[in-house]
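Reader: I should be grateful for a close look at the sheets of this model, beginning with the pairing of the strands and then moving to what packs and opens around them. Please give a single connected account.

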Amino acid sequence: MLNVRNLTVSYGRHVALDGVSIEVTDHEMVAILGANGAGKSSLLNAIGGRVRIGSGTMDYHGLDLTKCSPHELVENGIALVPEGRGIFPGLSVAENLLLGANPKRARAKVDQLQEEVFALFPKLAERRTQIAGTMSGGEQQMVAIGRALMSSPDLLLLDEPSLGLAPIVVQEVFAALKGIRDKGLTIVIVEQNARATLALADRAYLIESGRIIGSGKAEDLKNDPQVVRAFLGGAVS
């Protein structure tokens with residue numbers, strides 16, 4: 001279980017997170033929804049060890065995340081797919097994936113992990129020798145997610161996986177996310193496409209100006225008139 005309690009993150013005088021608390025149980029998919037600048041990415045990056053926290057606690061199965069480097073987090077089964085993907089554009093698809101399998105927990109099953117990634121993203125199997133930087137944005141996003149899965153994570157953190165992608169590619173990415181969820185991985189996802197995310201997630205937290213303003217089951221939230229108006233941009237269907 002992931003527990004985040006009273007988390008604060010600041011960038012100079014700007015307070016990005018102010019007393020944020022969330023809880024994620026094993027094998028659950030939890031969405032973090034909010035407008036641009038609400039603090040979603042700061043929360044995910046804090047959990048993933050990419051930003052320094054001001055105060056608060058974070059633990060995952062008893063591991064104090066505040067005392068771990070990003071490398072140690074990956075070794076303990078936590079993988080982050082950052083906004084912007086962060087792949088190595090000069091390397092091939094296969095080389096990017098193999099870099100993801102560096103943790104000790106993954107080294108003994110590289111072939112198995114790679115086949116699982118190719119099953120989720122058949123395009124990557126077809127283009128395993130292609131230089132990643134020459135691929136479309138959607139294909140690069142598949143590489144980024146695949147590389148994270150190659151580390152054999154228990155907890156997958158996804159920051160805006162559909163950002164900037166064509167609608168048909170968004171469908172492919174979300175279909176793959178359903179497959180990942182169905183395998184039992186614990187997932188925390190930050191995503192602008194709130195409607196598609198709520199259709200897939202178990203629960204969601206609503207964040208505004210660095211504070212959690214609501215939470216609940218995804219099924220309930222997507223039919224809540226106030227949530228629909230504020231986060232889904234329309235009327236209840």
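Author: Two strands are taken to pair if DSSP finds at least two bridges between them. The model described here is a predicted one. By that criterion, strand E1 (residues 2–11) and E2 are antiparallel partners, joined over 8 bridges. Within this pair, Asn3 stands opposite Glu23 in E2, and Ser10 stands opposite Val15 in E2. The hairpin of E1 and E2 has 2 residues between the strands, and in it Gly12 takes a positive phi near 65°.

E1 also pairs with E4, again in the antiparallel sense, over 5 bridges. In that pairing Val4 faces Met58 of E4, the two standing opposite one another. E4 in turn pairs with E5 in the antiparallel sense over 2 bridges, with Tyr60 opposite Leu63 in E5. The hairpin of E4 and E5 likewise has 2 residues between the strands, and here His61 takes a positive phi near 50°.

Taken together, these pairings give an open sheet of 4 strands in the order E2-E1-E4-E5, with antiparallel pairing. Its edges are strand E2 (14–24) and strand E5 (63–64), each of which pairs on one side only. As a general matter, the side chains of a regular strand alternate between the two faces of the sheet. Helix H1 lies across E1, E2 and strand E4 (55–60) of this sheet, and runs at about 115° to E1.

H1 leads on to the other sheet. Helix H1 (residues 40–47) also lies across strand E3 (29–33), E6, strand E7 (155–159), strand E8 (186–190) and E9, where its direction is at about 150° to E7. These strands belong to an open sheet of 6 strands, ordered E6-E7-E8-E3-E9-E10, in which the pairing is mixed. Strand E6 (78–81) and strand E10 (211–217) are the edge strands, each pairing on one side only. From one strand to the next, the twist averages 15°. At the E10 edge, strand E9 (residues 203–208) and E10 pair in the antiparallel sense over 6 bridges, and Ile207 stands opposite Ile212 in E10. H7 also packs on the sheet, where it touches E6 and E7, and its direction makes about 170° with that of E6.

H7 has a helical partner as well. Two packed helices are described by the angle between their axes and the distance between the axes. For helix H3 (residues 93–100) and helix H7 (residues 137–149), the axes come within 7 Å and cross at roughly 30°. The crossing of H3 and H7 is right-handed. On the H3 side the contact is made by Val93, Asn96, Leu97 and Gly100, and on the H7 side by Val143, Gly146 and Arg147. By class, the residues of this contact between H3 and H7 are 3 nonpolar, 3 polar and 1 charged.

The open spaces involve several of the elements already named. Rolling a probe the size of a water molecule over the atoms shows where empty space is left. The largest pocket holds about 410 Å³ of space. Its lining has 20 residues, of which Pro70, Val74, Ile78, Ala79 and Leu80 lie nearest the centre. Helix H2 (70–75), E6, H3 and H7 are the elements that give two or more residues to the lining of the largest pocket. H2 gives the most to that lining, with 5 residues. The lining of the largest pocket divides into 12 nonpolar, 5 polar and 3 charged residues.

The second largest pocket contains about 210 Å³ of space. Among the residues that line the second largest pocket are Lys109, Gln112, Leu113, Glu116, Val117, Leu120 and Leu149. Also in the lining of the second largest pocket are Ser152, Pro153, Ile180, Lys183 and Leu185. Helix H5 (residues 110–120) gives the most to the lining of this second largest pocket, with 5 residues. By class, the lining of the second largest pocket has 7 nonpolar, 2 polar and 3 charged residues.

Terms used:
Residues are numbered from 1 along each chain as its sequence is written. This is a predicted model: local features need pLDDT of at least 70, side-chain atom pairs count only at pLDDT 80 or more; totals for chains, interfaces and linings use all residues. Side-chain values use heavy atoms; hydrogens and water are left out. Axes are lines fitted to C-alpha atoms, for helices over the stretch in contact, and angles run from 0 to 180 degrees between N-to-C directions. A crossing is left-handed if the near helix is turned anticlockwise from the far one by less than a right angle, and right-handed if clockwise. Contact means heavy atoms within 4.5 Å. Ala, Val, Leu, Ile, Met, Phe, Trp, Tyr, Cys and Pro count as nonpolar, Asp, Glu, Lys and Arg as charged, and the others, Gly among them, as polar. On a 1 Å grid over the protein atoms alone, a cavity is a set of points where a 1.4 Å probe fits but cannot get out, and a pocket is an open set with protein on both sides within 12 Å along at least five of seven lines; lining residues have an atom within 4 Å of a point. Grid points are joined across faces, edges and corners, and a volume is the space filled by probe spheres set on the points.
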